[in-house]
Amino acid sequence: MRILHSFLVSLMLSPFATAESRPIEPLASGALQLSLQKLDTLGSVLYVAAHPDDENTKLIAYLANGERVDTTYLSLTRGDGGQNLIGGDLGEKLGMIRTQELLAARRIDGGQQRFSRAIDFGYSKTPEETLAIWDQDAALADVVWAIRSLRPDVIITRFSLEAGYTHGHHTASARLAKEAFTAAADPARFPEQLEFVEPWAAQRLLWNTSKWFYQRRGIEFDTKDVFFVETGGYNHLLGEAYSEIAAHSRTCHMSQGFGATPELGESKEYFKTLAGTEPEGSLFAGIDTTWGRVANSEPVAAAIQMAIERFNPSKPEAVLPQLLQAHRALSALPASFWQSKKLQELEVVIAACLALDVESIAASASAVPGAEVALDLRAIQRASLPVSIAFATRRADLARAKVYALPRNHLVHVSETAQIAANASISQPYWLRQPAERGSYMVDELSQIGAPENPAAIPIYVRLIVDGESIIFTIPSTYNFNDPIHGESKQPFTVTPPVMVNLEEGTHILGQNEPRQFTARVIAASDIAAATVHFEAGDGWRVEPASIPFSLEAGKELQVTAKLIPPTAASRTSLRASVEFEGQLYTRGYEALDYQHIPQQTLFPTATAAAVLLDVKIAGERIGYIPGAGDTIPEALRRIGYAVDTLTEADMNPETLAAYDTVVFGIRALNTNDRIAFYMPALFEYAQQGGVVVMQYNTNRGLKTMEYAPFPFTITRDRVTDETASMRFLAPDHRVLQFPNAITTADFEGWVQERGLYFAGDWDEAYTPIFAANDPGESPLAGSLLIAPIGEGYYVYSGLSWFRQLPAGVPGAYRLFANLMSLGQPAE
């Protein structure tokens, strides 16, 4: 299945730049037969929703492999505002992880993947708020661009146009799809796009509805009002039911913990028409999905049909004469959308019938602009036809490149050198190259908008000659290495700056009149004979020394230290680092996202860090931390002077726990730790003896135990998404608001993204609610922070979003969290 799906994704080509290079790999005969059949279907679907994981993977699997139409998922965001179940990376780094998870999902279910520039800014309760933050015109332009580029016959939304029953991002995605359905066909809308694409009118816009939506509104689901498609079938060529393919695809969303189990048997997907024509009996009713869409294509269709009829799974090369005949006929036709698209698909099928495998392997993982990179070009094919091959690092050189015979099952090695342009862009993800605005990434080049990732840093042009017929491919260069556990591994080749500088901490927390030493890591990608690292800070802050000269060999790293000196009054600044080298100033660092389930991702963030002068006091010394889904709270606690240890089940005994002033649960620990039920009795006893247990938020779905508190309460889906929402003090005299820091409303200034999530509800009278807050137009919620005495100690449940506020250096969040850590200490 892995070979099949990586191949199927390469078939789904579009005008986007990133589709220009793709791997050439063999695949199993069932997959090859399916892709051959797909050549005879000229239809397409665009599925629109808001986030990674919103897509209906079963429907995508059915459409791509059952109906055999081109199927694209347009996720308006990259999921940057969500939580991460597998690590502490959030924000733009989480967006990169989820982008790769979506691409992995599409390799399994056979779809394509596209995005808009919209940023996932966290949970939104209304589409109006969402569209205002995203900039409705910019988001609409991106959906129109996707429609015009992909030319779908049918557009499907995941969510209803009706607000109030789901996330505001969800509703906004449906409304944008409906408006774009009309705008894409209107040449007066977004005319700047028409330099690259033409207006396009899809036949119909459908809502992929469900019983759940109606049940949530308390309305009986009447199937008379909807159209349905049976998607529970089995695909013999793939050896799986569509629900099985869907489950594998869904499971790719590992950062969200969406491992899925297939539901076998009959399964219906329901649709309501939002615009365009009604689907009478079929999603594609009234739509020509044959070669009739391409003028004078009868010889092409006939040759493909003959290849389909004659295909022998044990000898795919036998249909190459028919496929080459189709290639000659299709190449002779005037260029058009379907002519170009099917020509590329046909060429990939021809390569697959040859069992062709072509790779460009770089000798190093990265290089700097202007450098030369040694490449090992490898090719092998397993058919008996006369085949030869040529390679070039520039397309213009391909016609005169040396041609190598490619005998059956003979591995050809060609050594080549690629010259990286002196002005080449570094491999920063294109949507992160410029500072984002509030709700949208800034991308200047229209052709890049929507692409999942950057074009290949070193594309290689390949000319394949099969029985006299020339076919041109473009493949990416990768860095391949052997992992002792996982075997051969590949990562994208990257272009880096010649020198990079990382500030080792993202946030520096300082106390009054307490200078702090910090470390910067300088990374040399080329020989640095003489350079200087500079530090800057504003608003009365100083750095000593402000400049440090150095020299460094390529491939080496250097740590330099300096002292950050705060002003006398509490304030916040940005600490900036740069390297001056050969008359240029380099301001970017280096970071690799290394997760086993996705290819290594590289980004080059600006070398900045927040510096915050806090007036924060702490009581107690040692904190025990029970990891959850992944956050950086332990590092934040260490910044303000606590010693923090990670606790495991082996530590759940009175002797070990007695050493800690407070025990804190990481976010979603009740959702992710299968053994958590066995922690709870010891922790309740620890609290009875004078300890403090602080439970951060959990989701109410997938709890590993229901015995998570000494006194009952429920975990709800309530949240306050407005980070500026007024926080009303319900228990102003409670010690958590007094010791060791006096908490005022000023401590809730500067919070980011939200106040909190998954608040408590229906709590026992033993709990004291500390705050009430609400989003505009809603009733107050009092479950963001509950505290109950238990014996000599305390139990706390908090839905306040500490996992966002502390890494962001929000002063008031530190002060209040320090008070929680100090609940068990005697007040002065």
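## Two loop residues with positive phi

D762 is placed in the loop between β40 (760-761) and β41 (768-769), in a model that is predicted. Phi of D762 is near 50°, a positive value in a residue other than glycine, and D762 counts as exposed, at 69% relative accessibility. Most residues other than glycine have a negative phi, and most peptide bonds are trans.

A further positive phi, of about 60°, belongs to R68, which is likewise not a glycine. R68 is located in the loop between α3 (57-65) and β2 (70-75), where R68 is partly exposed, with a relative accessible area of 26%.

## Cis peptide bonds before proline

E544 and P545 are joined by a cis peptide bond whose omega is about -10°. The loop that holds P545 lies between β24 (542-544) and β25 (547-552).

The peptide bond running from F739 to P740 is also cis, and its omega is near -5°. P740 is found in the loop between β38 (728-729) and β39 (756-757).

## The pairing of helices α2 and α12

Helix α2 (residues 29-38) and helix α12 (residues 337-353) have axes that come within 10 Å and cross at roughly 155°. Angles over 145 degrees count as roughly antiparallel, and α2 and α12 are therefore roughly antiparallel to each other. The crossing of α2 and α12 is left-handed.

On the α2 side the contact is made by L32, S35, L36 and K38, and on the α12 side by K342, E345, V349, A352 and C353. Sorted by class, the residues in this contact of α2 with α12 are five nonpolar, one polar and three charged.

## The buried side of helix α9

In helix α9 (residues 242-251), the buried residues are Y242, S243, I245, A246, A247 and S249. An α-helix has 3.6 residues a turn, so residues three or four places apart point the same way.

The elements that cover the buried residues of α9 include two helices, α3 and α4 (92-109), together with two strands, β7 (234-235) and β8 (240-241). Helix α3 also borders the loop in which R68 is placed.

## Strand β20 and its partner

Strand β20 (residues 499-503) is mostly covered, since five of its five residues are buried. V499, V501 and L503 point one way from β20, whereas M500 and N502 point the other way, and all are buried. In a regular strand the side chains alternate between the two faces of the sheet.

β20 is joined by five bridges to strand β22 (residues 516-524), and the two strands run antiparallel. Within this pairing, N502 of β20 stands opposite R521 in β22.

## The residue E504 after β20

E504 lies in the loop between β20 and β21 (507-510). In contrast to the buried residues of β20, E504 is partly exposed, with a relative accessible area of 39%.

The C-alpha atoms of E504 and F518 are separated by 7.7 Å, although the two residues are 14 residues apart along the chain. When its neighbours within four places in sequence are left aside, E504 is in contact with T519, R521 and Q559. One of these contacts, R521, is also the residue of β22 that stands opposite N502.

Methods: Residues are numbered from 1 along each chain as its sequence is written. This is a predicted model: local features need pLDDT of at least 70, side-chain atom pairs count only at pLDDT 80 or more; totals for chains, interfaces and linings use all residues. Side-chain values use heavy atoms; hydrogens and water are left out. Axes are lines fitted to C-alpha atoms, for helices over the stretch in contact, and angles run from 0 to 180 degrees between N-to-C directions. Helices (H or I, at least four residues) and strands (E, at least two) are DSSP runs, numbered from the N terminus. Angles under 35 degrees count as roughly parallel, over 145 as roughly antiparallel, 65 to 115 as roughly perpendicular and the rest as oblique. A crossing is left-handed if the near helix is turned anticlockwise from the far one by less than a right angle, and right-handed if clockwise. Contact means heavy atoms within 4.5 Å. Ala, Val, Leu, Ile, Met, Phe, Trp, Tyr, Cys and Pro count as nonpolar, Asp, Glu, Lys and Arg as charged, and the others, Gly among them, as polar. Buried means under 20% relative accessible area, exposed over 50%, partly exposed in between (1.4 Å probe, protein chains only). Two strands pair if DSSP finds at least two bridges between them.
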